[in-house]
Amino acid sequence: MFSQAFKGLGARARPHVVAAFSLGGLFYNSARHSSSTAYLLRTPPSSAPREVPTPLIFVSSSGWDPSSRQGMTSFASWYAERGHTCLEIDLGKPADVSTSEALMRHYESELASHIHLLAIPFAPVIVSRAGGTLIAQTYISSHPASGLLLISPPPSNAAVPQTLLPTPLPEFDFETKFPCAVMCTEAEKERLAEESRLWQDARVDKIVVKDKKALVGEEGLVKIEQWFDGIGI
């Protein structure tokens, strides 16, 4: 049943798309590489089995790290159908920052502004991938959240290539006193186990899938939904 629903996802009508704007124009199910921030807000359709009060935020910056946006549209569309309010936000890469800390501060400010505009009284669950996990961790260090899901994060900030971080970025040291999970492939698991502070934290849930295709496919969707259920989202 799940497999049939997953395969039919792309063909469904999406009456629950209530906002799809950017500083550069309409943003709908298409990759963008621009200097502007784009976002798409989905609310549950009337056919959803339930309506979950906690919003899900899918954050990326494709102009900075193209891999950060892979799978975000599929995730947001699927979970909206399941009853979640989903904000898919692709943050624009700033042109006038020279340090990694300034870059993260810019992203944090942009993300916080868009989450504030949701005007939902429940702290969100933040979902991110690759370089986007740095943005999510920067945000989570100063703002409340109901959960944090990091997909294929770098094992440490020091491991991030200079093409993404022009200057050293201090390692994150926030406490995991809220639901937190790291999701990766079998191939990524070993290095994370050796180098990642979060992977070594017993309070952080670990989700492992077969490969990169599984991350954004049925296996990934199922395991993420199981994690949401486990934390009461």
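This is a short conversation about a predicted model.

Biologist: Why is Ser-61 called buried?

Modeller: Buried means under 20% relative accessible area. Ser-61 has 0% relative accessibility, so Ser-61 counts as buried. Ser-61 is found in the loop between strand 3 and helix 2.

Biologist: Which residues is Ser-61 in contact with, leaving aside neighbours within four places in sequence?

Modeller: Among them are Pro-66, Asp-90, Lys-93, Tyr-107 and Ile-135. Take Tyr-107. The C-alpha atoms of Ser-61 and Tyr-107 are separated by 8.8 Å. Along the chain, the two are 46 residues apart.

Biologist: How many aromatic pairs are there?

Modeller: The count comes to six. One pair is Trp-64 with Tyr-107.

Biologist: What makes Trp-64 and Tyr-107 a pair, and why is the pair called tilted?

Modeller: Ring centres must lie within 6.5 Å to pair. Here the centres are 5.6 Å apart. Planes under 30 degrees apart count as stacked, and over 60 as edge-to-face. These planes stand at 50 degrees, so the pair is tilted.

Biologist: Why do you say this pair ties parts together?

Modeller: Trp-64 lies in the loop between strand 3 and helix 2, while Tyr-107 lies in helix 3, so the pair links parts that are 43 residues apart in sequence. Both Trp-64 and Tyr-107 are buried.

Biologist: What makes you say that a charge sits over the ring of Phe-174?

Modeller: The limit is 6 Å from the ring centre, and within 35 degrees of the ring normal. The charged end of Arg-197 is 5.1 Å from the centre of the Phe-174 ring. Arg-197 is listed as sitting over that ring.

Technical notes:
Residues numbered from 1 in each chain as written. Predicted model: local features only at pLDDT ≥ 70, side-chain atom pairs only at ≥ 80, totals over all residues. Heavy atoms only, no water. Helix = DSSP H or I, 4+ residues; strand = E, 2+ residues; numbered from the N terminus. Buried < 20%, exposed > 50% of the residue type's maximum accessible area, 1.4 Å probe, protein only. Contact = heavy atoms within 4.5 Å.
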